[in-house]
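The exercises below ask you to read burial, packing and pairing from a set of coordinates. Please look through the sequence and the model before you turn to the solutions.

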Amino acid sequence: EDLKGQPDVSWYLSKSEAEGGCHRRREKIKNRKTWYQTPLPATPHGFISGMVEGGPWLALNSMRGLTATNTLYTVRFRPRIEARQRALIALSLLTTGVRNQVEEKVRRYPGGLCKLEPGDLNELRLPPLTRQVTRALADVAYVNALTLMLKREESAAREIADAVLGV
């Protein structure tokens with residue numbers, strides 16, 4: 001295997017397992033030609049973490065070519081789901097009704113970290129998205145709600161989501 005231009009990989013391979021080096025006999029390493037290159041999914045529409053304090057939220061992808069390894073779940077919408085609906089779906093995860101469902105499904109770890117599996121996320125029942133909301137309003141509400149989530153102001157983010165979706 002040619003590792004020119006891959007000094008970190010070469011260094012890692014030079015170490016023994018006892019020194020913290022590569023376990024070459026492990027399944028994923030044995031079976032990948034270039035084992036140090038993780039297969040990545042196609043560019044997703046969004047990302048969601050299964051482990052997050054306060055519950056899950058959807059980060060919509062606005063960067064061309066951005067993807068993720070298995071540290072985040074990736075989200076792909078059906079082709080007919082347009083940008084306005086994506087923002088509303090992201091907001092719907094923050095509504096009171098969905099947050100109550102999350103509380104029923106979540107496993108809590110010490111320190112408040114919550115764990116949800118993809119199957120748990122798939123079972124969440126979202127509110128109807130039938131309300132007439134412009135794309136501009138959906139986008140602004142989404143950005144404002146996520147800004148609040150990042151500041152750990154979940155109740156204020158929930159109020160925005162509930163108001164926009166009329167729940």
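**Exercise 1.** Determine which residues of H4 are buried, and establish where they lie around the helix axis.

*Solution.* Val-98, Arg-99, Gln-101 and Val-102 are the buried residues of H4, where buried means under 20% relative accessible area, exposed means over 50%, and partly exposed is in between, computed with a 1.4 Å probe and the protein chains only. These residues are on the same side of H4, because they cover an arc of only 155 degrees around the axis, the arc being that of the directions from the helix axis to the C-beta atoms. The next step is to ask what lies against this side: the buried residues of H4 pack against H3, H6 and H7, a contact being heavy atoms within 4.5 Å. Helices (H or I, at least four residues) and strands (E, at least two) are DSSP runs that are numbered from the N terminus.

The model is predicted, so local features need pLDDT of at least 70 and side-chain atom pairs count only at pLDDT 80 or more, whereas totals for chains, interfaces and linings use all residues. Residues are numbered from 1 along each chain as its sequence is written, and side-chain values use heavy atoms, with hydrogens and water left out.

**Exercise 2.** Describe helix H6 by its span, its buried side and its cover.

*Solution.* Begin with the span: H6, residues 135–150, has 16 residues and reaches 22 Å from its first C-alpha to its last, close to the 22 Å expected, which is 1.5 Å times one less than its number of residues. Then list the buried residues of H6, which are Ala-138, Ala-141, Tyr-142, Ala-145, Leu-146, Leu-148 and Met-149. They too are on the same side of their helix, because the arc that they cover around the axis of H6 is only 155 degrees. An α-helix has 3.6 residues a turn, so residues three or four places apart point the same way. On the face turned away from the buried side, H6 carries the exposed residues Ala-136 and Leu-150. Finally, the cover over the buried residues of H6 includes strand E2 (58–60), helix H3 (83–92), helix H4 (96–105) and helix H7 (154–165).

**Exercise 3.** What is the sign of phi at Arg-152, and is this residue buried or exposed?

*Solution.* First place the residue, which is found in the loop between H6 and H7. Arg-152 has a positive phi of about 65 degrees although it is not a glycine. Most residues other than glycine have a negative phi. With a relative accessible area of 64%, Arg-152 is exposed.

**Exercise 4.** Work out the strand order of the open sheet of three strands, and identify its edges.

*Solution.* The order is E2-E1-E3, and the pairing is antiparallel, two strands being paired if DSSP finds at least two bridges between them. E2 and strand E3 (73–75) stand at the edges, each with a single partner strand, so one side of each is left without a neighbour in the sheet. Strand E1 (residues 46–48) pairs with E3 over three bridges, and Ile-48 stands opposite Tyr-73 in E3.

**Exercise 5.** Characterise the surroundings of Arg-108 in strand E4 (residues 107–108).

*Solution.* Start with accessibility, which at 48% makes Arg-108 partly exposed. When residues up to four places away in sequence are not counted, Arg-108 touches Glu-103, Leu-113 and Cys-114. The C-alpha atoms of Arg-108 and Val-52 are separated by 9.9 Å, although these residues are 56 residues apart along the chain.
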